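Visitor: I'm new to reading protein structures. Could you walk me through one, feature by feature?

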Amino acid sequence: MKSDIITIKNNIKKEDIEKILIQVEKLADYQNLNEKQSRQLRLMVEELLGFEKGILGFSKGQLHIENNETEYKICLHSD
């Protein structure tokens, strides 16, 4: 399964990151992840966004999450 594509704008702000994380939480709820799994997925997305912003100097892009029964892949495509 592939989540909705989340568009990321230039000069991302804290509020924008929070909106993205809310969408990640909705995905976790939809996938019936337990609380620990949901927090782990949220943390991984949050860290990935932080790395992108801090190391590469955030540009616009897209984020989506793919999963099968046993694993999740966080896909960040930066322009």
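Guide: Let's begin with a pair of facing residues: in strand 2, the bridge partner of I6 is L63. Keep in mind that this is a predicted model.

Visitor: Which residue of strand 2 is the bridge partner of T7?

Guide: T7 has Q62 as its bridge partner in strand 2. Altogether, three bridges join strand 1 to strand 2, and the two strands run antiparallel.

Visitor: Can we zoom out? In which order do the helices and strands come along the chain?

Guide: Read from the N terminus and you get β-α-α-β-β. That comes to two helices and three strands.

Visitor: And how do the strands line up in the sheet?

Guide: They make an open sheet of three strands in the order 1-2-3, with antiparallel pairing. Strand 1 and strand 3 are at the edges with a single partner strand each, so one side of each has no neighbour in the sheet. On average, neighbouring strands of this sheet are turned by 25° against each other, direction ignored.

Visitor: How many bridges are there between strand 2 and strand 3?

Guide: Seven bridges, and that pairing is antiparallel as well. The two strands form a hairpin, with four residues between them. To find a facing pair here, look at N67, which stands opposite Y72 in strand 3.

Visitor: Where do side chains point in a strand?

Guide: As a general idea, side chains in a regular strand alternate between the two faces of the sheet. For strand 2 we can also ask about burial: five of its seven residues are buried, so the strand is largely enclosed by the rest of the structure.

Visitor: Which residues touch the most other members of the largest nonpolar core?

Guide: That core has 15 residues, and the ones touching the most other members are I8, I20, L41, V45, L49, L63 and I65. Strand 1 (6-8), helix 1 (14-30), helix 2 (35-56) and strand 2 (61-67) each supply at least two residues. Helix 1 gives the largest share, six residues.

Visitor: Let's pick I65. What is it in contact with?

Guide: Skip its neighbours within four places in sequence, and I65 is in contact with M1, K2, S3, V24, L27, L41, V45, Y72, K73 and I74.

Visitor: I see S3 there. Is S3 buried or exposed?

Guide: Here you need a cut-off: buried means under 20% relative accessible area. S3 has 13% relative accessibility, so it counts as buried. You'll find S3 in the segment before strand 1. Not counting residues up to four places away in sequence, S3 touches L27, H64 and I65.

Visitor: How far apart are the C-alpha atoms of S3 and D16?

Guide: They are separated by 18 Å, and the two residues are 13 apart along the chain.

Visitor: What about the chain as a whole? How does its radius of gyration fit a compact globule?

Guide: The two agree, because a compact globule with 79 residues would have a radius of gyration near 12 Å and the protein chain has 12 Å. The C-alpha trace spans about 35 × 20 × 20 Å along its principal axes. Of the 79 residues, 32% count as buried.

Visitor: And what share of contacts joins residues at least 24 apart in sequence?

Guide: Among contacts between residues at least 6 apart in sequence, that share is 57%. As for the outside, the accessible surface comes to about 5700 Å², and 49% of it belongs to carbon and sulfur atoms.

Notes: Residues numbered from 1 in each chain as written. Predicted model: local features only at pLDDT ≥ 70, side-chain atom pairs only at ≥ 80, totals over all residues. Heavy atoms only, no water. Core = buried A, V, L, I, M, F, W, Y, C linked by side-chain atoms within 4.5 Å. Buried < 20%, exposed > 50% of the residue type's maximum accessible area, 1.4 Å probe, protein only. Contact = heavy atoms within 4.5 Å. Pairing = 2+ DSSP bridges. Axes fitted to C-alpha atoms, helices over the stretch in contact; angles between N-to-C directions. Rg over C-alpha atoms; globule rule 2.2 N^0.38 Å. Areas by Shrake-Rupley, 256 points an atom, 1.4 Å probe, with all protein chains shown as cover.
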